[in-house]
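Q: I am new to this structure and would like to learn how to read its features one at a time. Could you take me through it, giving the general idea before each case?

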Amino acid sequence: MRNRAHTSPTIGLVLSGGGARAAYQVGVLRAVADMLPRGSSSPFQVICGTSAGAINAAAVATHARHFRSGVRGIESIWRDMHAGLVYRTGMSTLTFNALRWLAALFVSGLGTRSPASLLDNAPMRGLLARFLRFQRLQEAIDSGALQALSVTASSYTTGESVTFFQGRSDLEGWRRARRVGRPAHIGLIHLMASSAIPAVFPPVRIGEQYYGDGSVRQLAPVSPALHLGADRVMVVGVGESFTGAEDQARQERPPSVAQVAGHMLDSAFLDSLEGDLERLQRVNRTLELIPERVRSRAGLRLRPVDTLVLEPSASLTRIALEHAHELPRAMRFYLRGSGATTDYTGAVITSYLLFEAGFCSDAIRLGYHDAMAREEEILRFLGQDPAAIHGRAGRPPQDVW
């Protein structure tokens, strides 16, 4: 972490992966946009995203000069979301992909030329191509409204977590154990690679390598923001610290297929972020015990990093269980027997795949109210004076829905 003198801190935004759960992040961003004066540029100079969080990050970064407009644009997509905009939902397509995937496991050679996946996410490529204008990214950087955008993917070829970034010309790449930062012109292909959940969506080729979901093997999700110059970082996760552990402690039956699959997805999407934040807090506490002059004399190139973490105050898994009936009929057919649509312990996987308006709207609403409940804290973290912004104590509620 490089020491740099600033008149004001460089604020980073980290958006984690989580499939349909990422709708929660949009609610948080909408709340931040409503907190700031109209016409404000993005309060985040460094924006980093992974998987579905990378899509939200790109939407904000390409509209860095008009923050509210960018947030409302991505919100409108999530609120009108349905699974057909993300992956093909026809019974014949799902059945064919499932059979091809199973055949690739057991029939020698099948699937080696055309990697099998359970779902075809071609519709998502078309949706993103219609919505995102990547040329605005460089315009935002040139104007000074944005310092950098990063998108993280996992290389199947090297096993490394690769962070592609586009930013100011003075930013350099980095290499750490199993982690690489690589300058690039961010485009649609990077978002497709970052959100390609292994086995669920097909891998994406960039250059000479194939890539999958960036949450896989991402050991330090906050690190890219620090490498790209952030002094303080706002992290919007989609995990839940109350995952029904008490109920699961009394579980008498063996875990269902859906519960095992959900456990694996949680491990990929959530655990690394929690571990990285814990490590960052531990470093901060250690640095507090070492006087700055001692750190300087010893050449210790570490600095405290302020973080603000927002996560759901209610269980997205339980919300998903309430909306499981919204899944396309073919998906319900395949998931029903696994317990993914009828039981809380199996509904974790449903919450990742439930790209439907009802669930996404509830997740957005939860994110909005979680952020608004911490309005003063967020504004101060962003370097804003709440009293100066609002001009009076309190304000009328926002008309969101």
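**Reading the model step by step**

A: Let us start with one residue, Ser-42, which is found in the loop between helix H1 (23–35) and strand E2 (46–50); helices (H or I, at least four residues) and strands (E, at least two) are DSSP runs, numbered from the N terminus. This is a predicted model, in which local features need pLDDT of at least 70 and side-chain atom pairs count only at pLDDT 80 or more, while totals for chains, interfaces and linings use all residues. Residues are numbered from 1 along each chain as its sequence is written, and side-chain values use heavy atoms, with hydrogens and water left out.

Q: How is the confidence of the chain to be read, and over which residues does pLDDT stay under 50?

A: pLDDT is the predictor's confidence in each residue, from 0 to 100. Here the chain has a mean pLDDT of 85, with 82% of its residues at 70 or more. The value stays under 50 over residues 1–6, for which the model has 16 contacts beyond four places in sequence, and also over residues 243–247, which have four such contacts; contact means heavy atoms within 4.5 Å.

Q: Is Ser-42 buried or exposed, and what is it in contact with?

A: Buried means under 20% relative accessible area, exposed over 50%, and partly exposed in between (1.4 Å probe, protein chains only). Ser-42 counts as buried because its relative accessibility is 4%. Leaving aside neighbours within four places in sequence, Ser-42 is in contact with Ile-47, Val-60, Ala-64 and Phe-67. A polar atom of the Ser-42 side chain also lies 3.1 Å from the backbone nitrogen of Phe-44.

Q: Which residues of helix H5 are buried, and what covers them?

A: For a helix, one can look down the axis and take the arc of the directions from that axis to the C-beta atoms. In H5 (residues 122–131) the buried residues are Pro-123, Met-124, Leu-127, Leu-128 and Phe-131. They fall within an arc of 130° when seen down the axis, so they line one face of H5. Their cover includes helix H2 (52–62), helix H3 (67–79) and helix H7 (188–194).

Q: Which residues are buried in helix H6, and what follows H6?

A: The same reading applies. Leu-137, Ala-140 and Ile-141 are the buried residues of H6 (residues 135–143). Because they cover an arc of only 100° around the axis, they sit on the same side of H6. Among what covers them are H2, strand E3 (148–155) and strand E4 (161–167). H6 is followed by Gly-144, whose phi is positive, near 90°.

Q: How many salt bridges does a search of the whole structure find, and which parts does the pair Arg-30 and Glu-75 tie together?

A: A salt bridge is a side-chain nitrogen of Lys or Arg within 4 Å of a carboxyl oxygen of Asp or Glu. The search finds 12 of them in the whole structure. In one, the side chains of Arg-30 and Glu-75 meet at 2.8 Å, N to O. Arg-30 lies in helix H1 and Glu-75 in helix H3, so this pair ties together parts that are 45 residues apart in sequence. Arg-30 is buried, with a relative accessible area of 5%, and Glu-75 is buried at 3%.

Q: Where do Glu-278 and Arg-282 lie?

A: Both lie in helix H10 (residues 257–288), four residues apart, about one turn of the helix. Their side chains meet in a salt bridge of 3.9 Å, N to O, and Arg-282 is partly exposed, with a relative accessible area of 41%. Elsewhere, salt bridges that share partners join Arg-30, Asp-34, Arg-68 and Glu-75 into one network.

Notes. A polar contact is a pair of N or O atoms within 3.5 Å; within protein, one must be able to donate a hydrogen and the other to accept it, and residues adjacent in sequence count only if both atoms are side-chain atoms.
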